Every structure is written in C-alpha cells, then in structure tokens.
Amino acid sequence: MKIIGPDLLVFGVDDLEGSKTYLEDFGLTGHQIDATGWMYEALDGTGVLIRHRDDPKLPPALETKNMLRQQVFGVVDAETLDQVEAELGKDRRVTRLANGSLETVDDLGFQIAFQVTIRRELSMPAEKINAPGAPAQRAPNELGVTDDMAAAPRTLSHVVLFVPDMDKAVNFFCGRLGFVVTDILKGAGPFLRAAANDDHHSLFFIRTPAYMQGCEHLAFHMGGPTELMVAGDRFTRKGYQTFWGPGRHKFGSNWFWYFNSPLGCHFEYDADMDKHDDTWVAREAPNGPEASQMFLLQWREKWAPGGGPEGPPAKGV
C-alpha cells in the first residue's frame with residue numbers, strides 16, 4: 001500500500017495555552033482551525049493538531065490517558081485509501097468521512113486515520129559542506145552559518161510509540177498495511193518504514209507495560225545537522241529542557257535532539273536520516289547506549305578561549 005507516513009498527530013492537552021506557545025517556539029506555524037482547535041505546521045504542511053483534553057471533538061483517549069488521540073497517515077492517492085478500507089474493513093469498523101479520509105482503530109486501541117496526503121512538495125536546498133578532497137559545495141564567500149539563519153522544521157518525520165504487545169503492533173502495520181522492518185533494537189522493538197517512503201523509519205515501537213501505552217516522541221526533519229543544532233540552541237535559550245541530545249543515532253544515522261513538552265511526550269529535531277529500498281536487509285542489535293547512539297554531545301553556554309574559569313582546563317601548555 002502506498003502509505004507515506006504520518007501527516008498529522010492529534011493531541012488532547014491539559015495546558016492548551018502552554019502547548020500553543022511550546023509549538024510556536026519549537027518552530028511550527030500555527031493557525032486556528034475552528035473555535036477550539038489549533039493546527040501547527042512544518043514547512044510542508046504536516047504537523048500537530050491540539051485541543052483541550054475535554055474537547056468533545058477529540059477521538060477517545062487511551063485508557064492510559066496519554067495525550068495522543070489520533071495518528072493520521074498520509075497516502076499517495078485515493079486508490080490507496082480504497083485498499084486500506086477494504087483490508088481493515090475485514091475485521092473492524094472503518095468510517096469514511098465526508099472529505100474522503102478514513103478513521104478506525106488499530107489492534108492495540110490506538111485511534112488512526114488515513115487521508116490523501118496534505119504534504120506540500122518542498123524545493124529547498126540541503127545543508128552544504130566543504131571538505132578536502134571533494135568539490136566545494138559552498139561558493140567563495142558563501143557562509144555556512146549566520147546568526148539569523150533559518151532553522152525551521154521541514155516535515156513530520158516519525159512517531160515512536162510505547163506498545164505492550166509487540167507482535168500485535170508489528171503484525172498490524174506490516175501484515176495489514178505494508179510497512180517494512182528496517183532494523184531491530186532487541187529488547188526495545190523494530191523500526192518500520194512505510195512503503196511509499198524511503199526514510200529509515202516512519203514508526204518505531206518500544207515494548208512497555210500496558211499502563212505506559214501511548215506516544216513516546218515525535219520528530220521533525222530539519223535541513224541538516226547545523227539547522228538542528230541552531231534550532232535546538234535557540235529552543236534551549238528560551239528555557240525548554242533537553243531530554244536527550246544533541247547527538248547522532250546509529251540505526252537511521254539521523255542526528256537528534258529531544259526536548260520535554262507539555263503534550264505528554266517528547267519532541268525531536270532530527271536531520272540527515274538514512275534512505276532505504278526493498279533490497280535493504282534489517283540489522284539487529286541489543287538495546288542500549290552503544291546501539292542507540294554513535295555519539296552524544298552536551299549543550300552549554302557559549303565559551304571562548306580566555307573566557308575565565310567557566311572554560312575547560314588547558315591541556316599541553
């Protein structure tokens with residue numbers, strides 16, 4: 001099935017105003033869609049929809065009360081919607097909405113939906129680098145970084161879910177919807193690539209007890225590692241707390257920087273993810289620091305040589 005990946009995640013939040021501020025500061029563009037709902041978009045139109053947790057317009061909550069209410073997956077065309085409806089309609093109710101999109105529930109009780117994708121095609125340059133032995137990507141006098149450089153999320157990259165039954169989750173998305181396992185962290189779970197997307201993963205599952213079921217984090221692609229670092233630095237200086245990072249993963253090779261959020265999950269900037277096709281053979285590794293990151297950095301206030309006692313100790317002097 002020609003499923004691209006997540007177009008939209010819907011949340012029912014406790015702190016509506018705080019969540020709106022957070023999403024704006026994260027770099028998403030917000031607009032009010034009706035009297036009680038707000039949409040926050042990346043540059044391609046994918047993003048996050050929020051309402052207060054008591055809003056009757058929201059899909060039902062999980063028993064765990066995780067704030068994630070619905071995952072909306074984008075597909076290539078109306079034919080794919082028909083295929084999804086026919087497949088999932090074999091054993092569950094699938095509701096066709098007036099706009100043509102579908103709503104249903106997966107095997108673990110997550111509310112899910114499918115729509116012809118809202119993604120706008122982007123035409124933007126990637127980060128350029130200059131390296132000895134290779135042609136320069138930046139022309140003479142073209143700067144690689146400036147104080148006012150843009151660093152906005154480009155697209156919703158992936159979703160990571162806490163799931164109590166790994167077999168059910170994998171069988172549903174792979175067996176019924178055509179997702180492909182790209183790699184596996186043993187003891188945690190698999191990375192899944194949607195069939196119409198060559199990103200290393202659109203979904204990742206982490207095995208947890210039933211009382212933890214819900215969204216662990218969602219990620220937005222940036223234009224490169226420098227954009228990720230600039231966006232994360234700016235976000236940190238606004239007072240937001242890092243959960244993990246910055247650093248670079250092994251599986252997927254993507255740079256990462258995770259932050260706590262008032263939406264009951266973590267938000268991630270990511271950049272430079274591996275691409276795969278159907279010839280790729282999935283790898284396995286035990287879950288742990290050595291498998292989950294190639295390296296991990298630590299943010300700190302700016303420092304300059306001769307900056308006093310805040311600087312690192314001198315070596316070899």
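The legends below accompany several close-up views of one predicted model.

**Figure 1. Confidence across the predicted chain.** This view introduces the predicted model as a whole, in which the protein chain has an average pLDDT of 95. A score of at least 70 is reached by 97% of the residues. Residues 312–317 have a pLDDT that stays under 50, and for this stretch the model has one contact beyond four places in sequence.

**Figure 2. Strand 12 and its pairing with strand 9 and strand 11.** Strand 12, which covers residues 203–207, pairs in the parallel sense with strand 9, residues 155–163, and five bridges are found between them. Among the residues involved, Val163 has Arg207 of strand 12 as its bridge partner. Strand 12 also pairs with strand 11, residues 189–193, but here the sense is antiparallel and the number of bridges is two. In this pairing, Leu192 has Leu203 of strand 12 as its bridge partner.

**Figure 3. Strand 7 and its pairing with strand 6 and strand 8.** Strand 6, residues 95–96, pairs with strand 7 in the antiparallel sense over two bridges, and Arg96 stands opposite Leu102 of strand 7. The two strands form a hairpin with five residues between them, and Gly100 in the turn has a positive phi of about 95°. Strand 7 is also joined by four bridges to strand 8, residues 111–116, with the two strands running antiparallel. In this pairing Glu103 stands opposite Ala113 of strand 8. Strand 7 and strand 8 likewise belong to a hairpin with five residues between the strands, in which Gly109 takes a positive phi near 95°.

**Figure 4. The two faces of strand 7.** Within residues 102–105, which make up strand 7, the side chains alternate from one face to the other. Leu102 and Thr104 point to one face and are buried, whereas Glu103 and Val105 point to the other face and are not buried.

**Figure 5. Asp106 and its surroundings.** Asp106 is found in the loop between strand 7 and strand 8. The relative accessibility of Asp106 is 8%, so this residue counts as buried. When residues up to four places away in sequence are not counted, Asp106 touches Arg92, Ile112, Phe172 and Phe173. Gly187 lies 81 residues from Asp106 along the chain, and the C-alpha atoms of these two residues are separated by 23 Å.

**Figure 6. A nonpolar patch on the surface.** Leu43, Leu122 and Met124 form a nonpolar patch on the surface, and together these residues have about 220 Å² of accessible area. Leu43 lies in the loop between strand 3, residues 38–41, and strand 4, residues 47–52. Leu43 is partly exposed, because its relative accessible area of 34% falls between the limits for buried, under 20%, and exposed, over 50%.

**Figure 7. The salt bridge of Asp25 and Lys238.** Asp25 forms a salt bridge with Lys238, with the closest N and O atoms 3.8 Å apart. This pair links distant parts of the chain, 213 residues apart, since Asp25 belongs to helix 1, residues 16–26, while Lys238 lies in the loop between helix 4, residues 225–237, and strand 14, residues 242–248. Asp25 has a relative accessible area of 24% and is therefore partly exposed.

**Figure 8. The salt bridge of Lys128 and Glu142.** Lys128 and Glu142 form a salt bridge in which the closest N and O atoms are 3.1 Å apart. Lys128 and Glu142 each lie in the loop between strand 8 and strand 9, so the pair ties together parts that are 14 residues apart in sequence. Lys128 counts as partly exposed at 34% relative accessibility, and Glu142, with a relative accessible area of 32%, is also partly exposed.

**Figure 9. The salt bridge of Asp278 and Arg193, and a network of salt bridges.** The side chains of Asp278 and Arg193 meet in a salt bridge, with 2.7 Å from N to O. Asp278 lies in the loop between strand 16, residues 266–271, and strand 17, residues 283–286, while Arg193 belongs to strand 11, so the pair ties together parts that are 85 residues apart in sequence. Asp278 counts as exposed at 66% relative accessibility, whereas Arg193 counts as buried at 5%. Elsewhere, Glu87, Lys90, Asp91, Arg92, Asp107 and Arg176 are joined into one network by salt bridges that share partners. A search of the whole structure finds 24 salt bridges.

Terms used. Residues are numbered from 1 along each chain as its sequence is written. This is a predicted model: local features need pLDDT of at least 70, side-chain atom pairs count only at pLDDT 80 or more; totals for chains, interfaces and linings use all residues. Side-chain values use heavy atoms; hydrogens and water are left out. Two strands pair if DSSP finds at least two bridges between them. Patches are made of residues with over 30% relative accessible area and no salt bridge: like charges are joined within 9 Å, nonpolar side chains (Val, Leu, Ile, Met, Phe, Trp, Tyr) within 5 Å. Accessible areas come from the Shrake-Rupley method with a 1.4 Å probe; for residues, only the protein chains shown count as cover. A salt bridge is a side-chain nitrogen of Lys or Arg within 4 Å of a carboxyl oxygen of Asp or Glu. Buried means under 20% relative accessible area, exposed over 50%, partly exposed in between (1.4 Å probe, protein chains only). pLDDT is the predictor's confidence in each residue, from 0 to 100. Contact means heavy atoms within 4.5 Å.
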